[in-house]
Structures are given as structure tokens and as C-alpha cells.
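Open the model in your viewer and keep the selection tool at hand. The tour goes from the whole chain to single residues.

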Amino acid sequence: MEDVIKRALELVVPSKEEIEIAKKAEEELKRRLDDALEDYPMLEYRFLGSYARNTWLRGNLEIDVFILFPEDTPMEELEKIGLEIGKAVVDEYELRYAAHPYVHGKVLGVEVDVVPCYKLKSPDKIKSAVDRTPFHHDWLKDRIKGKENDVRLLKQFLKANGIYGAEYKVRGFSGYLCELLVVFYGSFLDVVKNAVKWRRDTVIDVPNGKVYRKKGGSFFVVDPVDPKRNVAANLSLDNLAKFVQLCRDFLKRPSLDFFLSKEFDLDEDAFRRENRVVVVVAFEKPNIVEDNLYPQLEKACRVVVNNTREFQPLRFGFTADDRCYLIFEFGIRELSRFYKHMGPIFEDEENVERFLKRNEKVFIENGRFWAFKERMHVKPNEAVADVIKKNWQGMGKDVGEKLREGFEIYVGEDVLKIESKEFRKKLAEVLCIKRPSS
């Protein structure tokens, strides 16, 4: 175990060269910020996040700087001035969106986020989620000292296994959650040893230093800055389960492999050999941020699944790059054109008469009237297309509108014509037929 952790540290701790590059970028950014804020004496800036707390992963350097505005600043003014300052201090930029727009760019080749927020006296008065960040930093900055590399180990352990990041696309562990867990338990290894005891109703009460279970509750990590807030709210139950099992496996068989990212692709030979009943819906991607897109993709999938039960939906998945993809696997390839429709028992004369008027192919079986009825769809792809055409309005505002405009359906081996790497990886994951990427 000690040898594995020692070797893993070599993967996660930034090199001297990287640290030097970071310091130069930080100094240059400070100089530019000082110049930019000369016209705004009421503003100040703070370096926050993993760079400021020295918990960033090797090869993942990104500097977060927050521009703090007085509480009485109108939101429109905060956004306008915040973006102006951001654009002025980076070499190249793009606009990104969290609670409100912010600037992402580079300074001397280093990734930088310039985020406007309010300077508040208490986290009880936050106006947007980013306003909590200074309070998170203040709570962590001294408690995390001496444990920085343990945070890095936990982040890499999660990242290598696809569950690092709280965004909806991942629904994993945020960086802040990683830091809280390491502070609470003491080290990376102590987090792993204790995680094997976690259950879906576990509560980790960080500010009060205790762990307990709340019957009927969900996995909850209490935010020491806001005790009513669950830091693990975005963590999916499946990713919680995946992490617990990874910890079990790591303790039984420690290996550096747990810290190494695994690139994989779809095993096409297995796909053809297994002859799976797969239906894929492809359509144009709406112009919205991922955290709005992915919940809508999931919603669309669930509407389809709930309306195609007779084809025994086994699993679904969704992803996006330049286009969006909804993936479904079914247990039934084709149904009979006819099915049995149950009617009343023969003693129920009134309903028998009504049943006979409404149905043609009627027969009696075990003292009950039945009728043969014809299905509208006998193949799952036909049913999927029909569900989308009839229910697009319930599939999320933006995704539904794009589906209304048009979509393509791929069935069986035709799905292999889709060249998107993102799609192929998600399909391999949904069908559990991965192969190492070449």
C-alpha cells in the first residue's frame, strides 16, 4: 500500500517546472488585475479554488480569481463590469456560465477563470452559488495545510475512474467535496478505509465531526459554511456505489492501476456477435450549457422508456458532442402484431354488451371475454420514433424543440455508422462491451 501511494504521488504532485510556470502566470495576472481595478476602487480580487489552496493536480493547472463586488451592486452591473475586467486581464477569452457569465482564458499559457461575485459578510445572504466560494476557501485554507497531497490522491483516484466532477454530465465528486472528506477523515487512505462503510443514507456531519445514518435519507455531506446544504447533492447514487466498491477493491488489492485513466472504445466484434437490440436517436445539439443540456437528455430518455415498456427496455444512456445521442437497449426485437385484450366476465352482462360493441375478434376463455387487438408498433425503433413525435414537449424545453425539428433513428449495426468518439464510448459503457482504446 505504501509503495502504491508513493508511486501515485509522482503522478499527482505538480513538477517544479509546472509550479514555476504557475507562479509566473499568477504574478502577471496580479499585475494586470491591479491595473484593471484602478478604475474600480470599490472592488477587490482574491485567488480561490484548488490553485490557491495548492491542491491542483499535476497537468491540470487552472487559476481561479474572483472579483468581489459590494453587496448593493446591481446584478447587471456586476456581470457587465466583471466581464470587462475578465476580458482585460487574459490573453484570449471565451464566455462561460455558472450562476452568471464569467470569463475563461489564458495568461502566459495558463488556464484562468475570472469570476465576479458579491463580497458578503455571511453565507446566509448569498445571491448565487459562486458567492459561497470565498467562505469555502476561508474554512479550508488552514485546515487543508499538510493534507494537500492527500487531496490530490483522492482527486486522481476519482478522475481515473470517471467519477471526478460534480457537473451533471459526470455527477461525481467535486473538488470541494474531496477537500472536505480529506479534512474530515485525515488522509486519502483514511477516506478510503471509511468509505467502505458508507451507505446510501449516510450523513457526514463535517462541522460537528460525526457520521451517522438517517433512515430514508440520501447520502449527505454537511457543508460547514451552510449546514443546510448537501455538498454531495450532485453525486449520483450509482457513482457513490462505484466509489465504495473501488475502495473495497483497492484495500484488498492495492495497485497503481486505480490511479491511471483507462481509455476505452466500443468492442465492435462483441457488438456484432451479441446482436443486441439497440436503438439510437441522434439530433442537433441545442445551444445551451452542459449543465442544462444533460438533465434534459436524461428527461427525454425517461419519457421514451416509460412509454415503451412492452419492448422491455433494459438500459439507456445519453451523451453529446456536436450532436446529441439517446441510447436505448431493449429486451424484445419484435412483437406479434396482435395481443390479447382482457374483457369482463360473462356474468357482467352490461359490460359484456359494451365490450362486444367495441371489439371484433372476440373469444371466451375461462369464463371471461377477450379480444385480439392490433398493435400500432411491433418494433422498438417504431415505438421510440412515435413516442418522440407525440411527447417532445415533455422532453425538456431545448431538447424537445430540437427533437420536434427532426431526428434520426439508428437500429442494430447501423449505429456503428456513427463516428462520434463520445457516442462510441457511451455506447460501450451502456452495453458493457468495452475494449482498450488503441
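Start with the whole chain. Buried residues make up 49% of its 438 residues. This is a predicted model. Its C-alpha trace spans about 85 × 55 × 45 Å along the principal axes. Switch to a cartoon view: the chain has 15 helices and 17 strands. Among contacts with a separation of 6 or more, 64% join residues 24 or more positions apart.

**Colour by domain**

Which stretches should get their own colour? The domain assignment gives domain 1 (13-139), domain 2 (146-259), domain 3 (268-334 + 377-431) and domain 4 (338-374). Note that domain 3 is written as two segments. Now look at domain 3 and domain 4 together. Their centres, taken over C-alpha atoms, are 37 Å apart.

**Go to the largest nonpolar core**

Select Ile85, Phe173, Trp198, Phe243 and Phe259. Of the 76 residues in the largest nonpolar core, these five touch the most other members. Next, select helix 7, residues 175-185. Helix 7 gives this core its largest share, eight residues. Why does the core lie between domain 1 and domain 2? Both domains give residues to it, so it lies between them. In soluble globular proteins, nonpolar side chains tend to be buried together.

Zoom in on phenylalanine 243. Beyond its neighbours within four places in sequence, phenylalanine 243 is in contact with Leu154, Phe157, Leu158, Ile163, Phe173, Val191, Ala195 and Trp198. Two of these partners, Phe173 and Trp198, you have already selected.

Another core lies apart from this one. It has 28 residues, including Phe318, Leu326, Phe328 and Ile388.

**Stay on helix 7**

Pick glutamate 179, which sits in helix 7. Is glutamate 179 buried or exposed? Its relative accessibility is 1%, under the 20% cut-off, so it counts as buried. Show what surrounds it. Not counting residues up to four places away in sequence, glutamate 179 touches Ser50, Arg53, Thr55, Leu140, Ile144, Val151 and Lys155.

**Find the second largest pocket**

Select Trp198, Arg199, Arg200, Leu237, Leu240, Ala241, Val244, Gln245 and Arg248. These residues line the second largest pocket. The space inside is about 160 Å³. How many lining residues are nonpolar, polar and charged? Five are nonpolar, one is polar and three are charged. Trp198 is familiar from the largest core, and here it belongs to the pocket lining.

**Move to helix 14**

Helix 14 covers residues 397-405, and glutamate 401 is found there. Glutamate 401 has a relative accessible area of 29%, so it is partly exposed. Leaving out neighbours within four places in sequence, its contacts are Trp392 and Gly396. Add proline 286 to the view. Glutamate 401 and proline 286 are 115 residues apart in sequence, yet 8.6 Å apart in space, C-alpha to C-alpha.

**Finish with two backbone angles**

Most residues other than glycine have a negative phi. The last two stops are exceptions.

- Leucine 108 has a positive phi of about 50°. Look for it in the loop between strand 4 (101-107) and strand 5 (110-118). Leucine 108 is partly exposed, at 47% relative accessibility.
- Cysteine 432 has a positive phi, near 60°. Find it in the loop between helix 15 (421-431) and strand 17 (434-436). Cysteine 432 is exposed, with a relative accessible area of 61%.

Notes: Residues numbered from 1 in each chain as written. Predicted model: local features only at pLDDT ≥ 70, side-chain atom pairs only at ≥ 80, totals over all residues. Heavy atoms only, no water. Core = buried A, V, L, I, M, F, W, Y, C linked by side-chain atoms within 4.5 Å. Buried < 20%, exposed > 50% of the residue type's maximum accessible area, 1.4 Å probe, protein only. Helix = DSSP H or I, 4+ residues; strand = E, 2+ residues; numbered from the N terminus. Domains from an automatic or database assignment. Contact = heavy atoms within 4.5 Å. 1 Å grid on protein atoms, 1.4 Å probe; cavity = no way out; pocket = protein on both sides within 12 Å on 5 of 7 lines; lining within 4 Å. Points joined across faces, edges and corners; volume = space filled by probe spheres on them. Nonpolar A, V, L, I, M, F, W, Y, C, P; charged D, E, K, R; others polar.
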